[in-house]
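Please write a short report on this model. Cover strands, helices and aromatic contacts.

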Amino acid sequence: MKFGKSICVLNVGGTRYAFTREVIRDFPLRRVSRLHACATEKEVLELCDDYDRDRNEFFFDRHAQAFVFIMLYVRSGKLRFVPGVCELSFYTEMLYWGLETAHLDSCCQKRLDERMSDIGMDSLSEEDIILSGDECLTPEETTQQIALTGRAKWLERMRKTFEDPNSSLAAQLLASVSVIFVIISMIMLCASTLPDWDTAKKTTVEEHRIVEAVCIGWFTAECIVRFLLARDKCDFIRHPLNIIDAIAITPYYVTMAMAGAGMPGAGLGVAGVILRVLRMMRVFWLMKLARHFLGLQTLGLTLRRCYREMVMLMVFVFVAMAIYSALAQLLEHGLDLDSQNQDFASIPAAAWWVIISMTTVGYGDVYPVTIGGRVLGGMCVVSGIVLLALPITFIYHSFVQCYHELKLRSARYTRNVSSEILQ
């Protein structure tokens, strides 16, 4: 900013906020931060409604209460709807200041998706809503409004490319390559357990090493780039999927280090067993597919929202299992000392029969022989069906709701990618 005083005043709907130039330059709201790059008053007036040079005050004819909640997001990192204000009106304010739906808390994203679906606006992209809420802007101004500048723009675009497969065409291509490498790695992992694998590996050892090295190299590079682009490095390290990535990648480098030191993994005893266990952790790379497939995302979101119902289900099962296993051990082993059923010699042994009966699996390896035990078995099966069915209804409705939300979100991303392709 090459004009005005060192203190900048933002007047939003009559409410004034004072900031220094340095704060304006690094402000989280894109429309505000772009004021710092303006060299003339004409450029300033393209971003705000009026400008007072004497007081260095920028006027925005926008919703003052909505901006208060947006400022709370700037301070605390949590963005929620204003009570009593239409969700779509607040969403328009968000887009005006340069925020997106991803900045909203999950509960507010759900409300927005439902609202847009009810009135048929789920078919509109964010650019369409910006135009409908701010018709005075020209296409060039709208393009400027939603853009970041310089290094921040590049970092944000790269971060979305690696973290959000639906954000752009490049992100989808990158996600497709990642999925291909995951599939190849899983095929190699499954094939390595076949009896003929060692013989085949001796004849084509170089090809196997090259394929494995390429897959590990891709996953390592992807993990490093995502770590460097992450906004919060601590949150990135604590994320479960990133922990799985690190556990799955590490054994390869440990194996290479041991091979270089002349210690083959097969002859390391306990260390070799631990290494093979860690190597088998690669199967959890399938969890990476959750970033790319709507079904796995829906399952994860449902489990996260229904953890209380899942805990309640486990409590039901454990209580019933404790009761029925004690009764089964008594009826089959404790009452008749002459013809004891050795399959029910203890309560833990009877608990195995109870769990496979309650879940209606019934392997047939353990079964009661007394009349009382068979009656108890019938009661166990019926009560198991009832107990398992009680929380399932809540989990099912939550699954349908999560799928609907993610489907709406995915549809908006798909339309944005289609617009990028057409352009």
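In which hand does α17 pass α18? The crossing is right-handed; by definition the near helix is then turned clockwise from the far one by less than a right angle, whereas anticlockwise would make a crossing left-handed.

This is a predicted model, where local features need pLDDT of at least 70, side-chain atom pairs count only at pLDDT 80 or more, and totals for chains, interfaces and linings use all residues. Residues are numbered from 1 along each chain as its sequence is written, and side-chain values use heavy atoms, with hydrogens and water left out.

**Helices**

Helices (H or I, at least four residues) and strands (E, at least two) are DSSP runs, numbered from the N terminus. Helix α17 covers residues 307-334 and helix α18 covers residues 347-358. Their axes come within 8 Å and cross at roughly 125 degrees. That makes α17 oblique to α18. Axes are lines fitted to C-alpha atoms, for helices over the stretch in contact, and angles run from 0 to 180 degrees between N-to-C directions. Under 35 degrees counts as roughly parallel, over 145 as roughly antiparallel, 65 to 115 as roughly perpendicular, and the rest as oblique.

Helix α5 (residues 87-97) is mostly covered, with 10 of its 11 residues buried. Buried means under 20% relative accessible area, exposed over 50%, and partly exposed in between (1.4 Å probe, protein chains only). The buried residues of α5 include F90, Y91, Y96 and W97. Just after α5, G98 takes a positive phi of about 100 degrees.

Helix α14 (residues 240-260) contains A246. A246 counts as partly exposed because its relative accessibility is 36%. F219 is 27 residues from A246 in sequence, yet the two are 9.4 Å apart in space, C-alpha to C-alpha.

**Strands**

Strand β1 (residues 7-12) is largely enclosed by the rest of the structure, because five of its six residues are buried. Two strands pair if DSSP finds at least two bridges between them. The partners of β1 include β2 and β4, as tabulated here.

| Partner of β1 | Bridges | Direction | A facing pair |
|---|---|---|---|
| β2 (residues 15-20) | Six bridges | antiparallel | C8 and F19 |
| β4 (residues 57-60) | Four bridges | parallel | L10 and F58 |

The hairpin of β1 and β2 has two residues between the strands. There, G13 takes a positive phi near 60 degrees.

**Aromatic contacts**

How many aromatic pairs does the structure hold? There are 12 aromatic pairs. Rings of Phe, Tyr and Trp (its six-membered ring) pair if their centres lie within 6.5 Å; planes under 30 degrees apart count as stacked, over 60 as edge-to-face and the rest as tilted. Y51 and F58 form a tilted pair, because their centres are 4.8 Å apart and their planes stand at 35 degrees. Both Y51 and F58 are buried. Y252 and Y253 pair edge-to-face, because their planes stand at 85 degrees, with centres 5.5 Å apart. Y252 is buried at 12% relative accessible area, whereas Y253 is partly exposed at 39%.

Y17, F60, F67, Y96 and W97 form one aromatic cluster. Two arginines sit over Y96 of this cluster. The charged end of R31 is 3.7 Å from the ring centre of Y96. R62 lies over the face of Y96, at 3.8 Å from the ring centre. A charge sits over a ring if NZ of Lys or CZ of Arg is within 6 Å of the ring centre and within 35 degrees of the ring normal.
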